[in-house]
Amino acid sequence: GPKTKAERKPAEKDKAAAGAGEAAQLDELLCRLPKACTKDLIHQFAVDFCTFSFAEGSAVAPRSHKHCRKKLLKALFGVSRTSLELLPYYARLVAMLNPFLRELGPALLAML
């Protein structure tokens, strides 16, 4: 039958804990973006982002592909105006991710 409120709470706590851990992993990954100032580093970032973003997550908390994309968009758009040397690498990243995240480029352009 349906679970009681008391029976649901542990599952909700597990889901929250898994979600918090994955959010921290995504934040750590996105913190590497401003340091990806070579072709090799931006390539590695693209691989790592795809590996993370397209992973299944856990049975308790499936990963949100849309959430990952939104956080990446925010990070790309939020490039410091004193770090314009990163723009060619960010453009390369968007081009590399385009086959998998077709909405990334148009969404970034719409933010400009």
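This report describes how two helices pack in a predicted model and which salt bridges link parts of the chain.

Residues are numbered from 1 along each chain as its sequence is written. In this predicted model, local features need pLDDT of at least 70, side-chain atom pairs count only at pLDDT 80 or more, and totals for chains, interfaces and linings use all residues, while side-chain values use heavy atoms and leave out hydrogens and water.

**Helix packing**

Helices here are DSSP runs (H or I, at least four residues), numbered from the N terminus. Helix α2 covers residues 39-53 and helix α3 residues 65-77; they pack at an angle of about 150°, and their axes are 10 Å apart. Each axis is a line fitted to C-alpha atoms over the stretch in contact, and the angle, on a scale from 0 to 180 degrees, is taken between N-to-C directions. The packing angle makes α2 roughly antiparallel to α3 (a word used for angles over 145 degrees).

On the α2 side the contact (heavy atoms within 4.5 Å) is made by F45, F49, F52 and S53, and on the α3 side by H65, C68, R69 and L72. Sorted by class, these are five nonpolar, two polar and one charged residues. Phe, Leu and Cys are among the nonpolar types, Arg is one of the charged types, and types outside the nonpolar and charged lists count as polar.

**Salt bridges**

Side chains of opposite charge can pair when their charged atoms come close. A salt bridge is counted when a side-chain nitrogen of Lys or Arg is within 4 Å of a carboxyl oxygen of Asp or Glu. By this rule there are three salt bridges.

| Salt bridge | N to O distance |
|---|---|
| D27 and K71 | 2.9 Å |
| R32 and D48 | 2.6 Å |
| E103 and R69 | 3.3 Å |

The pair of D27 and K71 links distant parts of the chain, 44 residues apart: D27 is in helix α1 (residues 5-31) and K71 in helix α3. In terms of relative accessible area (buried under 20%, exposed over 50%, partly exposed in between; 1.4 Å probe, protein chains only), D27 is partly exposed at 35%. K71 is partly exposed as well, at 27%.

R32 sits in the loop between α1 and α2, and D48 in helix α2, so their salt bridge ties together parts that are 16 residues apart in sequence. R32 counts as partly exposed at 28%, and D48 as partly exposed at 23%.

E103 and R69 form a salt bridge too. E103 lies in the loop between α4 (87-97) and α5 (104-111) and R69 in helix α3, so this pair ties together parts that are 34 residues apart in sequence. E103 is partly exposed at 32%, whereas R69 is buried at 16%.

Technical notes:
Helices (H or I, at least four residues) and strands (E, at least two) are DSSP runs, numbered from the N terminus. Angles under 35 degrees count as roughly parallel, over 145 as roughly antiparallel, 65 to 115 as roughly perpendicular and the rest as oblique.
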